[in-house]
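Open the structure in your viewer and keep the sequence panel visible. The tour goes from one selection to the next.

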Amino acid sequence: MKPYYLLILIIGATLLTLPACDNNQTGSEKVMNKVDDALDRRPGEKIRDAAEDVGHELDDAAKEIKESAKDAGK
């Protein structure tokens with residue numbers, strides 16, 4: 001029975017701390033972030049750009065896999 005109490009405690013703590021991580025941006029903050037991105041003025045810009053590039057490459061790879069799976073299924 002004790003592992004269930006620990007699990008309930010962990011879930012409860014997680015549910016209480018997740019709302020604290022909420023990052024709401026106003027419209028003007030979003031615009032400023034986009035402008036800073038376009039002008040390469042964001043903090044850690046090289047790292048952010050690299051992460052964005054990896055994300056785009058993964059999206060492209062997923063599309064290619066889907067297309068090849070469709071072609072193989074025909």
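What follows is a list of stops, each with something to select and a note on what is there.

**Confidence**

Start by colouring the chain by pLDDT. This is a predicted model, and the chain has a mean pLDDT of 84, with 93% of its residues reaching 70 or more. Select helix H1, residues 2–17, where confidence is lowest, at a mean of 83. Then select H3, where confidence is highest, at 89.

**Helix H1**

Stay with helix H1 and pick Leu 9, which is located there. Is Leu 9 buried or exposed? Leu 9 is exposed, because its relative accessible area is 57% and the cut-off for exposed is over 50%. Now add Leu 6 and Ile 10 to the selection: together with Leu 9 they make a nonpolar surface patch of about 310 Å².

Leu 7 also belongs to helix H1. Leu 7 has a relative accessible area of 47%, so this residue counts as partly exposed. Draw a distance from the C-alpha of Leu 7 to the C-alpha of Gly 73. How far apart are Leu 7 and Gly 73 in space? The distance is 44 Å, and in sequence the two are 66 residues apart.

**The loop between H2 and H3**

Next, select Asp 40, found in the loop between H2 and H3. The phi angle of Asp 40 is near 55°, which is a positive value in a residue that is not glycine. Most residues other than glycine have a negative phi. The relative accessible area of Asp 40 is 49%, so Asp 40 is partly exposed.

Move on to Arg 41 and show its side chain together with that of Asp 36. The two form a salt bridge, with 2.9 Å between the closest N and O atoms.

**Salt bridges around Arg 42**

Side chains of opposite charge can pair when their charged atoms come close. How many salt bridges does the count come to? The count is 5.

Select Arg 42 and Glu 45. These residues form a salt bridge in which the closest N and O atoms are 3.0 Å apart. Arg 42 is buried, because its relative accessibility is 11% and buried means under 20%. Glu 45 is buried as well, at a relative accessible area of 9%.

Now add Glu 52, whose side chain meets that of Arg 42 in another salt bridge, at 3.2 Å from N to O. Arg 42 is in the loop between helix H2 (27–38) and H3, while Glu 52 is in helix H3, so this pair ties together parts that are 10 residues apart in sequence. Glu 52 has a relative accessibility of 32% and therefore counts as partly exposed.

To see the wider picture, select Asp 37, Arg 42, Glu 45, Asp 49 and Glu 52, which are linked in a network of salt bridges.

**Negative charge along helix H3**

For the last stop, select Asp 60, in helix H3 (residues 45–73). With 43% relative accessibility, Asp 60 counts as partly exposed. Which residues gather with Asp 60 in a patch of negative charge? They are Asp 53, Glu 57, Asp 59, Glu 64, Glu 67 and Asp 71, and the patch is on the surface.

Key. Residues are numbered from 1 along each chain as its sequence is written. This is a predicted model: local features need pLDDT of at least 70, side-chain atom pairs count only at pLDDT 80 or more; totals for chains, interfaces and linings use all residues. Side-chain values use heavy atoms; hydrogens and water are left out. Patches are made of residues with over 30% relative accessible area and no salt bridge: like charges are joined within 9 Å, nonpolar side chains (Val, Leu, Ile, Met, Phe, Trp, Tyr) within 5 Å. Accessible areas come from the Shrake-Rupley method with a 1.4 Å probe; for residues, only the protein chains shown count as cover. A salt bridge is a side-chain nitrogen of Lys or Arg within 4 Å of a carboxyl oxygen of Asp or Glu. Lys and Arg count as positive and Asp and Glu as negative; His and the chain ends are not counted. The place of a charge is taken as NZ of Lys, CZ of Arg, CG of Asp or CD of Glu. Helices (H or I, at least four residues) and strands (E, at least two) are DSSP runs, numbered from the N terminus. Buried means under 20% relative accessible area, exposed over 50%, partly exposed in between (1.4 Å probe, protein chains only). pLDDT is the predictor's confidence in each residue, from 0 to 100.
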